[in-house]
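Welcome, and please have your viewer ready. We will go from stop to stop, selecting a few residues each time and looking at what is there.

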Amino acid sequence: MIFVTGGAGFIGANFVHSWLRRKDEPLLVLDALTYAGNPENLAELRGDSRLGFARVDICDRPAVQELLRRHRPRALVHFAAESHVDRSIDGPGEFIRTNVQGTFELLEAARAHLAGLEREQAGAFRFLHVSTDEVFGSLGPQDAPFRETTAYAPNSPYAASKAASDHLVRAWHHTYGLPVLTTNCSNNYGPYQFPEKLIPLMIHHALAGKPLPVYGDGSNVRDWLYVEDHCRAIELVLARGEPGRSYNVGGRNEVRNIDLVRRLCSLLDTLRPRADGASYAGQIAFVADRPGHDRRYAIDGSRIASELGWAPQVDFAAGLERTLRWYLEREDWVAHVLDGSYREASLP
């Protein structure tokens, strides 16, 4: 068995679906079901005997330790995090609590768990920490992409909290010998993403006839990674990664925000035309940039490619259309998130 923290969130839920499509090994999701934890993300898996669910806060170390004692997992995959930059600017406290304190409590729980395992089990145990490229700060137009050796330079409360958690994970390996792995990924997109994030936000606003808000001049560049590709990378790192090592996971796909929004509008013009025949691009509205907005992210994925043989498989055009179709076919999922009724959904 493995444990998956934050398994009802966007990337975590996609990982759970991906894992159970390909493997028979059971997993236990640990999720506090804060605002971005959605039980409906796992609804299709209800009744699957391989899936367990525990509603638990990762800051509650005794509760986590009890679950570790009871189930004795061979690995803990740590997705649980507050992740939206705008929210971190408005209220950084929750980001420090969950991303820094929560990771500390998990590391300590895992360390105690490891001490209680037999030698062979302890040697096989892994703690995989899922992080972000935002810890590296911002790149200029001609700068080389982020490598695992790039100096940390976080520019938002969110990025700073993730950087702190990365440093804790590294320290627990070097000080206590905890067999940790860290992945730093670029911007993910795909099914189950909370509608505050760029792609689902633009889809919802477009269909609702609202302005499509683009920060600044729209020239901020992101490296887009289809979430299913990211899940495959995490599986590989968990299976074959070297403890104490970090792995950058990128989509090899740098796109300006304004170009992404225009591509979404063009796809919507084809798949769900406006009643008046006009293009959704007419709804684009440039808004004041947010504080500390990083200009460009780009990932050098040479290490994970050369050491583990991973490369992204989903073409951006295909992934974007697949994502858009998913949201168009599941407007009830979006509606439940927007009206808050997803919080009453039954647990897996």
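Which strands does helix H2 (residues 61-71) lie across? Select H2 and you will find strand S1 (2-5), strand S2 (27-31) and S3 beneath your selection list: H2 lies across these three and runs at about 175° to S2. Axes here are lines fitted to C-alpha atoms, for helices over the stretch in contact, and angles run from 0 to 180 degrees between N-to-C directions. Helices (H or I, at least four residues) and strands (E, at least two) are DSSP runs, numbered from the N terminus.

Two notes before moving on. The model is predicted, and local features need pLDDT of at least 70, side-chain atom pairs count only at pLDDT 80 or more, while totals for chains, interfaces and linings use all residues. Residues are numbered from 1 along each chain as its sequence is written, and side-chain values use heavy atoms, with hydrogens and water left out.

**The sheet**

Now show the strands. Seven of them form an open sheet with parallel pairing, in the order S3-S2-S1-S4-S5-S6-S10. Strand S3 (51-55) and strand S10 (246-249) are the edges, each pairing on one side only. On average, neighbouring strands are turned by 20° against each other, direction ignored. Two strands count as paired if DSSP finds at least two bridges between them.

**Strand S5**

Next, select S5 (residues 126-132), where seven of seven residues are buried (under 20% relative accessible area; exposed is over 50%, partly exposed in between, with a 1.4 Å probe and protein chains only). Arg126, Leu128, Val130 and Thr132 point one way, and Phe127, His129 and Ser131 the other way.

Add strand S4 (residues 75-78), which runs parallel to S5 and is joined to S5 by four bridges. Valine 77 has leucine 128 as its bridge partner, and histidine 78 stands opposite histidine 129. Then add strand S6 (residues 180-185), which pairs with S5 in the parallel sense over six bridges; here phenylalanine 127 partners valine 180. From S5 the chain crosses through helix H6 (residues 157-176) to S6 in a right-handed β-α-β crossover (with the strands pointing away from the viewer, the path from the first strand over the helix to the second runs clockwise).

**Aspartate 166**

Stay in helix H6 and pick aspartate 166. What surrounds aspartate 166? Not counting residues up to four places away in sequence, aspartate 166 touches His129, Ser131, Val135, Tyr152, Thr182 and Asn184 (contact means heavy atoms within 4.5 Å). Aspartate 166 is buried yet has no salt bridge, and the nearest side chain of opposite charge, lysine 162, is 5.5 Å away. Lys and Arg count as positive and Asp and Glu as negative; His and the chain ends are not counted.

**Salt bridges**

The structure holds 23 salt bridges (a side-chain nitrogen of Lys or Arg within 4 Å of a carboxyl oxygen of Asp or Glu). Start with arginine 21 and glutamate 228, at 3.7 Å, N to O. This pair links distant parts of the chain, 207 residues apart: arginine 21 is in helix H1, glutamate 228 in helix H8 (residues 227-240). Arginine 21 is exposed at 52% relative accessible area, and glutamate 228 is partly exposed at 31%.

Then select arginine 262 and aspartate 259, which meet at 4.0 Å, N to O. Both lie in helix H9 (residues 257-271), three residues apart, about one turn of the helix. For a last stop, select Glu66, Arg69 and Arg70, linked in a network of salt bridges.
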